[in-house]
Amino acid sequence: MRSEADDGEPDAAAPDEFVLDLGRTASAPLRSVGGKALNLGRLTAADFPVPRGFCLTTDAYRLAAPPALAALAARLDAAADGAPADSATGAAAGQAAGPGPAELDRLAASARELILSAPVPPGVDAALREAYGLLGAQPAVAVRSSATAEDLPFASFAGQQDSFTGVSGADAVVDAVRRCWASLWTDRAVAYRSANGISHREVGLAVVVQLMVDAATAGVMFTANPVTGTRTETVINASPGAGQAVVSGAVNPDQFTVDTATAAVLARVPGDGGPARGWSLADAELTELTRLGDAVQRLFGAPQDVEWVIDAAGKAWLTQSRPITTLYPLEDPFSNTPTPIDPPSAGARVYLCGTLFQGLTRPITPIGLAALGLMRNRKGPWRYVNPGLRMYVDLTAIVQNKWGRRYLTRVLPLADGRSAAIFPELLADPRFALRQRPRKALPRPARATGGGQVQGAEASTTLAMLLGLIPALFGAALRPEAELRRAEAYGKRLEAELVLPEPATAVQRLDYTELITNRTIDGLIRATLPGPSVGYIMLAVARRLLRGIAPPRELEAVLRGLPHNVTTEMDLELWQLAVGIGADPDSRDVFLAQDPARLAAAYRAGSLPAPAQAGVRDFLVRYGHRAVAEIDLGMPRWSDQPDHILGMISNYLRVEDPEQAPNRQFRRAAEHAEERIRSLVERAGARGQWRARLLELCLRRVRELSGLRELPKFHIVKILGEMHRQLLLVGEELVRAGVIAAPDDVFFLDFAELRVALRGAGMQPLVASRRRLYDVELRRRHIPRVLLSDGTDVEAAVMAKRPATGALSGTPASAGTATGLVRVILDPVGARLEPGEILVAPSTDPGWTPLFMTAGALVMEMGGVISHGAVVAREYGIPAVVGVPDATTRLHTGQRVTVDGAAGTVQELPD
């Protein structure tokens, strides 16, 4: 639970008086004046037009708050802390949850009643009345809440506390202040604080009192487009009269989109009354507001949400400014460049989110990003940035190249249908027009990372490795059994190589961890890539041989129930473990009675019934290096936190219909594949026996080798698992040295920072700030799949131009239909999926696949036909539709739907 002290405020003492003039709040600590008053003070100090007023500090609120309020706040904090955590190394999702929404609402209502019934302390009452009197003779004022957890960079709290306008008279002002205090405990404010991890015990409330402006026009201005994220556009909402109507949504305002640099109006959308009423702002007023907004953004150093008023004399006033917290960040927290996503003099850039293509919507830990950097070729043609703790690859050069466009046009629909759908509009953007390469290119300057000679050497090494794969490809095609033996032998060699001689120092462990990928990745590629590559090459040949005989979708069945797929084998072993546990009455009772967190605690204590304890231990020996979001080195492995696996066993124990047993479903899928091969070969025979024989050979190779496609990643994750284990040991050493607070803090530092830590430098403040950033990004639901350097979320910009439709559709990924109840799952750890339920998820990776074994169908927000979830769904024989925008919010658990995997539709059915 975050406290106010975490926000980087100085430990200055609170002011002695209860009232501060707005001009003085700029230098006051956040905990004394709250976010709204602090920002208004900064605007006032910078000579922006701000109505005169004062701030009643949080000291007044804390003096007025009755003692019983602290106990209620503690109960609310305990409820939030007891809820399931979702962090890189946090508590398991199986923890006992805190009170439900109804109980939280009851506690919030009790807190409001305590505030409203408590008297205003005499000293506070006197100071408030005196300050109000100095504003004039009974003037009309706005009385507005200014919470200490408000208008923050990570949470704006817009509209969570109450404000009152047109208040006149000292008694009315005192009453409005009391109601502002009580609004700190509205149901919505309590829920918002809990969702953002902010302590209820630490939060306080100041109150801003300002003279009312006689508004001719008022509204809200965003200094970046809040829908598309474009940082070069200002969006202004305006309506005649007071601005509160616009802020509250009581009126439909005129909306203007303005180019910030030129003040040119890019779009006008009329509000209530339509064009016949006339526009609420003239072009000169739009220019003035845009200029003011840009200046405010420069003052605060970030895009702002600004409330403004234009009075009867035509003067613009600013009544509030807060950060736009919903924008996707452009800053790379680990870059030495201030704006790495938008390099100076480089022109507009286009980035594709690589982590989404890996099935991850969650952020990656700092050590995870560092490890990915070690595994990729930094001196190659690709440029990477990590805004929002996610890996984006710079596609600008490819988009501006004729052959690159052709490649993306063919590959994107397979990998991610939603990215492919917006790609044509991106290509039409003149900023990314094709560039003709000069006939005689000038010599390229050497890069600071090693120069052209190093780059050329690495390119030669890469080319040599690829050429070296050619004999292996032929060998796999001619002798698939030998290829399978070769892959198995490599796995044993890798296990032997992943051993660090003991005893080892922390420095030796860190060296080993940082260098291990250099020693293993190239060999891993040579040993594991040829087999699956041949399998899918043969699939492509089979598709050509079947032209005019069978549609390509018929080949899907050939990929069902593939042998030699290490992830499928893992899932079936987990099922067999569940069968064994179910056969032991004591083990079965324990697994059905306890949640995953308690089961995990019992396993770690060695107190599970003997058959279960031994079975889980043996499973984790083979697969304990795996994890949810397993490409992130910082994610806990199943051997560390077996909650997910134990929860899956509990799910499997609830399968009562023998026909729904995963092993039977897998066997049926394999039988269906064999039937499809016989049918296709028979039909091909009508065109000639040579075609039929060649087709059968190709399809046999597909069956024998395509299942190996999971093996390269399986071994990479095994390497990451050993790196994770060694880093935890380094973390234990750093904890003993007092450098970090917990062993898993090492995952919030990179390798260079860990070396500094081993020299004794304290890292706790840096770790704390990284964890806060990670937690903020963990709550982000929408991730731009294609991001421009000016902040534009290309998909959001395209969708904003299209009329909304009620249809739920996406990319057909696995044929078949299924009707069932929806189960929306955002994180598989601790998730429960009843047999036959429709799994609806943002995306999936191998850590999700145990859920597939009992799912009736799969619906994903991300992905294309070759994404992980789609491929596994086809192999398991369940219908799947992927790339369905906002599926996890538009569908809800318990809703009945029909999924048509061939048509790519999800039909909502009446309850």
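Select Leu-434 to begin: this residue is found in the loop between helix 15 (417-427) and helix 16 (451-478). Helices here are DSSP runs of H or I with at least four residues, strands are runs of E with at least two, and both are numbered from the N terminus. The model is predicted, and local features need pLDDT of at least 70, side-chain atom pairs count only at pLDDT 80 or more, while totals for chains, interfaces and linings use all residues. Residues are numbered from 1 along each chain as its sequence is written, and side-chain values use heavy atoms, with hydrogens and water left out.

**Stop 1: around Leu-434**

Is Leu-434 buried, partly exposed or exposed? Leu-434 has a relative accessible area of 42%, so it is partly exposed. (Buried means under 20% relative accessible area, exposed over 50%, and partly exposed in between, with a 1.4 Å probe and protein chains only.) Now show its contacts, meaning heavy atoms within 4.5 Å. Leaving aside neighbours within four places in sequence, Leu-434 is in contact with Val-399, Gln-400, Asn-401, Lys-402 and Arg-405. Add Ala-397: its C-alpha atom is 9.3 Å from that of Leu-434, and the two residues are 37 apart along the chain.

**Stop 2: the whole chain**

Zoom out. The protein chain has 33 helices and 22 strands. Of its 911 residues, 54% are buried. Take the contacts between residues at least 6 apart in sequence: 70% of them join residues at least 24 apart.

**Stop 3: the five-stranded sheet**

Select strands 1 to 5. These five strands form an open sheet in the order 1-2-5-3-4, with antiparallel pairing. (Two strands pair if DSSP finds at least two bridges between them.) Strand 1 (19-21) and strand 4 (163-168) stand at the edges; each has a single partner strand, so one side of each is left without a neighbour in the sheet. From one strand to the next, the twist averages 25°. (Axes are lines fitted to C-alpha atoms, for helices over the stretch in contact, and angles run from 0 to 180 degrees between N-to-C directions.)

Next, colour helix 5 (residues 122-133). Helix 5 packs on the sheet and touches strand 1, strand 2 (53-56), strand 3 and strand 4. The direction of helix 5 makes about 170° with that of strand 2. Then look between strand 3 (residues 140-147) and strand 4: they run antiparallel, joined by four bridges. Ala-140 stands opposite Ser-168 in strand 4.

**Stop 4: charges over rings**

Show Arg-179 and Phe-164. The charged end of Arg-179 sits over the ring of Phe-164, 4.2 Å from the ring centre. (A charge sits over a ring if NZ of Lys or CZ of Arg is within 6 Å of the ring centre and within 35 degrees of the ring normal.) Move on to Lys-315, which lies over the face of Trp-317 at 4.2 Å from the ring centre.

**Stop 5: a buried threonine**

Go to Thr-355, in helix 11 (residues 354-357). At 1% relative accessibility, Thr-355 is buried. Not counting residues up to four places away in sequence, Thr-355 touches Leu-360, Ile-364, Arg-390 and Met-391.

**Stop 6: aromatic pairs**

Select the rings of Phe, Tyr and Trp (its six-membered ring). They pair if their centres lie within 6.5 Å; planes under 30 degrees apart count as stacked, over 60 as edge-to-face and the rest as tilted. By this rule the count comes to eight aromatic pairs.

Show Tyr-623 and Phe-714. Their ring centres are 6.3 Å apart and their planes are at 70°, so this pair is edge-to-face. Tyr-623 lies in helix 23 (residues 610-623) and Phe-714 in helix 27 (residues 711-736), so the pair ties together parts 91 residues apart in sequence. Tyr-623 is buried at 5%, and Phe-714 is buried at 6% relative accessibility. Add Phe-619: ring pairs link Phe-619, Tyr-623 and Phe-714 into a cluster.

**Stop 7: the seven-stranded sheet**

Finish at strands 16 to 22. This open sheet of seven strands has the order 16-20-19-18-17-21-22 and mixed pairing. Its edge strands are strand 16 (811-814) and strand 22 (905-908), each pairing on one side only. Strand 16 pairs with strand 20 (residues 880-882) in the antiparallel sense over three bridges. Pick Thr-811: its bridge partner in strand 20 is Val-882. Last, colour helix 32 (residues 868-876), which packs on the sheet and touches strand 16, strand 19 (857-860) and strand 20.
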